[in-house]
Amino acid sequence: IARLREAKVDAIAIAGGDGTIRGVADAMAEAAADGKADALPLLPLPLGTANLLPRSLYGDRGARDLLDQAGEFRRAPLMAGTLNGRIFLVAAAIGFPSTFARAREALRDDNRPDRMVSAWTRLATSLRQAFSPRLRYRLDDARHPVRARASGIYVPVPRKGGEFEGVLVHWRHPADLLRTPVDLFTGAGNGDDGHDAGGATRLAQFRHLSVDSRKPLSAMIDGEPFMLDSPASLTACDTPPEALIPPS
């Protein structure tokens with residue numbers, strides 16, 4: 001990316017998973033903001049594990065097919081959010097969902113001699129955190145500022161217009177986990193105005209989310225876990241990256 005001004009480049013094809021794609025998009029945005037490179041469209045290739053972003057853009061098309069047809073594609077902005085300034089293109093999570101991801105990462109580390117023990121330890125930690133709502137969050141919009149507690153928060157990228165719809169978890173007992181499908185499909189955790197009515201799992205619509213805790217926050221963006229200083233701020237990306245997409 002730092003050498004893009006020296007080469008005639010039309011787009012950046014990325015051979016990797018959602019986390020790699022996100023990392024390239026973040027680096028491109030930073031380079032463009034510093035004037036070190038022109039913002040170029042991305043061509044995410046489905047060569048990772050989950051491939052959530054490439055599948056949402058291209059369906060089941062393979063990497064070779066995308067490279068062959070890229071010249072016919074058009075540029076279009078991606079839906080993107082930011083978590084403390086870090087771009088995400090699929091989803092962000094805070095709390096116990098990201099600890100689950102850390103357990104997965106431990107299993108994927110072939111150089112770690114105790115990876116099974118480490119994965120089980122992190123999984124047990126995640127289960128404990130799932131039933132300990134230690135996160136304090138605030139949803140801010142023009143009408144209803146809301147503050148409450150949660151053990152886990154999962155937020156996909158915003159819809160057009162910059163509005164998010166996230167899942168907020170406030171589990172205290174295993175029964176709360178079993179009620180989750182009912183809460184989500186029936187809206188039992190939401191009041192008439194869409195805000196908390198005491199449900200253990202609920203959907204909420206918002207434009208800005210702030211989260212704080214007494215300890216550093218366990219977070220995840222596009223499948224990649226990391227630790228985050230409290231407080232955290234989640235908003236829509238003002239200048240989202242572009243991708244090459246089919247004309248239709």
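Trainee: Which element supplies the largest share of the lining of the largest pocket?
Mentor: This is a predicted model, with residues numbered from 1 along each chain. Local features need pLDDT of at least 70 and side-chain atom pairs 80 or more, while totals for chains, interfaces and linings use all residues, and side-chain values use heavy atoms, leaving out hydrogens and water. A pocket is an open set of points on a 1 Å grid over the protein atoms alone where a 1.4 Å probe fits, with protein on both sides within 12 Å along at least five of seven lines, and lining residues have an atom within 4 Å of a point. Helices (DSSP H or I, at least four residues) and strands (E, at least two) are numbered from the N terminus, and the element giving three residues, the largest share, is H4.

Trainee: Which strands each supply at least two lining residues there?
Mentor: Helix H4 (96-108) is on that list too. The strands are E7 (135-140) and E13 (217-221).

Trainee: On to Arg 61: is it buried or exposed?
Mentor: Arg 61 sits in the loop between H2 (52-58) and H3 (63-69). Buried means under 20% relative accessible area and exposed over 50%, using a 1.4 Å probe and protein chains only. Arg 61 has 29%, so it falls in between: partly exposed.

Trainee: Which side chain does Arg 61 join through a polar contact of 3.1 Å?
Mentor: Leaving aside residues up to four places away in sequence, Arg 61 touches (heavy atoms within 4.5 Å) Pro 46, Leu 66, Phe 73 and Pro 246, among others. A polar contact needs N or O atoms within 3.5 Å, one able to donate a hydrogen and the other to accept it. The partner is Gln 69.
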